[in-house]
Amino acid sequence: MPELKRLHVSHAPAVLAFESANRAYFAAAVPDRGDDFFARFDERYHALLAEQESGVCAFHVLVAEDGSVIGRFNLVDIEDHAAELGYRVAQHVTGRGVATATVREVCRLAAADHGLRTVRAATTHRNVASRKVLTGAGFVPVGPADPAHIGGEPGTWYERDLIAPAPTPRPGPAEA
């Protein structure tokens, strides 16, 4: 069973492998990180760890039983009991509820470990899978997202109140 772990220096090789293996898949839904991301990966990775150590961000990896990273779930810009959520999962685990379940868990940790009351996430209109994950994890649309914030495309901000209980998902047709 996959385990959500706080990002650690020892995860660097698995994170790089995850990003490399899924680069084309991610680029189909969100702007590509670019060659510079991969060329300067070690430098960027250590900068992320420093941000996490300072308390302004909390980075997590979803680690499979074999030690590979199958997802990244990040809380960034932690301030005033709020943060922004970003996430991505490996192509081979999509469509199984992995992202939705892990976003719910990250929200639980956001409240319990960081005292957050609100988590926000933005996604493009064309990223149907991300919108489904967010709504399935208890987020509600709250307004338009600035295209400059999400790769130059139109999108929507979603928000989840961590103080109120998350809505219970309704069973889908296959689950009823």
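Two strands pair if DSSP finds at least two bridges between them. In this predicted model, one such bridge joins Leu 62 to its partner Gly 71 in β3.

**The sheet**

Seven strands form an open sheet with mixed pairing, in the order β1-β2-β3-β4-β5-β7-β6. The edges are occupied by β1 (3-6) and β6 (140-145); each has a single partner strand, so one side of each is left without a neighbour in the sheet. From one strand to the next, the twist averages 25 degrees. As a general principle, strands of a sheet pair through backbone hydrogen bonds, either parallel or antiparallel. Three antiparallel pairs are set out below.

| Strand pair | Bridges | Example of bridge partners |
|---|---|---|
| β2 and β3 | six bridges | Leu 62 and Gly 71 (in β3) |
| β3 and β4 | seven bridges | Val 76 and Glu 84 (in β4) |
| β5 and β7 | seven bridges | Ala 121 and Tyr 158 (in β7) |

In the last of these pairs, β5 covers residues 118-124 and β7 covers residues 155-161.

**The hairpins**

β2 and β3 form a hairpin with five residues between the strands. Gly 67, in the turn, has a positive phi of about 90 degrees. The hairpin of β3 and β4 has two residues between its strands, and Asp 80 there takes a positive phi near 50 degrees. β3 thus belongs to a hairpin with β2 and to another with β4. Of the 11 residues of β3, eight are buried, so this strand is largely enclosed by the rest of the structure.

**The helices against the sheet**

Which strands does helix α1 lie across? Helix α1 (residues 12-21) lies across β2 (58-63), β3 (69-79) and β4 (82-89), and runs at about 105 degrees to β3. Helix α4 (residues 41-54) also packs on the sheet, where it touches β1, β2 and β3. The direction of α4 makes about 120 degrees with that of β2.

The residues of α1 show how a helix can present two sides. Ala 12, Ala 14, Val 15, Phe 18 and Glu 19 are the buried residues of α1. They cover an arc of only 165 degrees around the axis, which puts them on the same side of α1. Pro 13 and Ala 21, on the other side of α1, are exposed. What covers the buried residues of α1 includes the helices α2 (23-27), α3 (35-39) and α4, together with the strands β2, β3 and β4.

How values were computed
Residues are numbered from 1 along each chain as its sequence is written. This is a predicted model: local features need pLDDT of at least 70, side-chain atom pairs count only at pLDDT 80 or more; totals for chains, interfaces and linings use all residues. Side-chain values use heavy atoms; hydrogens and water are left out. Helices (H or I, at least four residues) and strands (E, at least two) are DSSP runs, numbered from the N terminus. Axes are lines fitted to C-alpha atoms, for helices over the stretch in contact, and angles run from 0 to 180 degrees between N-to-C directions. Contact means heavy atoms within 4.5 Å. Buried means under 20% relative accessible area, exposed over 50%, partly exposed in between (1.4 Å probe, protein chains only). The arc is that of the directions from the helix axis to the C-beta atoms.
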